[in-house]
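Hello,

Please find the model below, followed by notes on its nonpolar cores and on one of its strands.

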Amino acid sequence: MSDSQTWVTRAVGGGAFANDLAIARFGSEKLLGRSGFALTSPAFQHGGELDPSFTAIEEDAVAPPLEWTAPPPGAQEIVLIVEDADAPADKPLLHWLAWGFPGQRGKLFEGEVPPRAGKNARGNSEWLLPDPPIGKEHRYVFQLFALDLPMTLMPGASREDVEASIEGHITACAVLTGRFEGHEREELDLEEDLGIDPDDLDLD
């Protein structure tokens with residue numbers, strides 16, 4: 001990352017990363033948090049750890065809840081891009097691509113399907129569950145962009161399509177970082193989780 005983009009490193013937190021995030025390529029320090037535009041989550045603090053219920057560790061995992069303040073006047077639409085800042089790839093691994101949010105204060109409930117979603121790194125339009133290597137901590141950067149025009153893209157659009165649509169039309173941006181360390185999936189503890197005494201089971 002160039003010296004001119006060290007503001008992105010500070011905004012994301014946790015030190016440098018290999019590839020430029022969307023906010024580095026399409027936002028700016030001037031647009032970050034403009035007019036008080038901010039992104040938060042009731043489930044984790046900025047720089048805090050994601051609960052396993054939002055990751056590949058749990059079978060019924062869903063996307064975390066998000067909330068954002070009003071963007072600057074004149075905003076027409078809000079776009080969300082979530083990338084893994086620490087994935088070893090040519091581009092940051094894309095976990096979520098969503099738009100269709102009105103240009104005003106808003107929120108996404110836990111597990112809620114966004115109005116429109118594009119293809120993630122696996123080619124589907126869902127929240128790609130974080131699943132870093134065991135013992136490795138990755139940063140998942142939720143990047144919110146306020147636009148001065150409405151998006152015309154249909155659901156299923158690619159990252160390239162969305163990026164082409166937002167370039168030059170961003171009036172404000174906000175960042176929220178969640179961390180998660182890869183670890184082995186825990187085996188079910190019969191006694192603790194289900195109240196079953198293993199000695200009572202006939203396993204023969």
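**Strand β5 and the nonpolar cores**

Strands β5 and β7 (residues 116-117) run antiparallel and are joined by two bridges. In this pairing, W99 stands opposite R116 of β7. Please keep in mind that the model is predicted.

β5 also pairs with β4: these two strands run antiparallel and are joined by seven bridges. Here L80 stands opposite A98 in β5. Seven of the 10 residues of β5 are buried, so this strand is largely enclosed by the rest of the structure.

Both β4 (77-84) and β5 (93-102) supply at least two residues to the largest nonpolar core. That core has 27 residues, and those touching the most other members are V79, F145, V162 and I166. At least two residues each also come from α1 (6-12), α2 (22-26), β8 (137-147), α3 (159-166) and β9 (170-181). The largest share is that of α2, with four residues.

There is another core apart from this one, with 25 residues, including L39, I57, A63 and L108.

Back to the largest core: which residues is V79 in contact with, leaving aside its neighbours within four places in sequence? They are A98, W99, Q143, L144, F145, L147, M151, V162 and I166. Among these contacts of V79, F145, V162 and I166 are also named with V79 as touching the most other members of the core. W99, another contact of V79, is the residue that stands opposite R116 in β7.

Regards

Technical notes: Residues are numbered from 1 along each chain as its sequence is written. This is a predicted model: local features need pLDDT of at least 70, side-chain atom pairs count only at pLDDT 80 or more; totals for chains, interfaces and linings use all residues. Side-chain values use heavy atoms; hydrogens and water are left out. A nonpolar core is a set of buried Ala, Val, Leu, Ile, Met, Phe, Trp, Tyr and Cys residues joined through side-chain atoms within 4.5 Å. Buried means under 20% relative accessible area, exposed over 50%, partly exposed in between (1.4 Å probe, protein chains only). Contact means heavy atoms within 4.5 Å. Two strands pair if DSSP finds at least two bridges between them.
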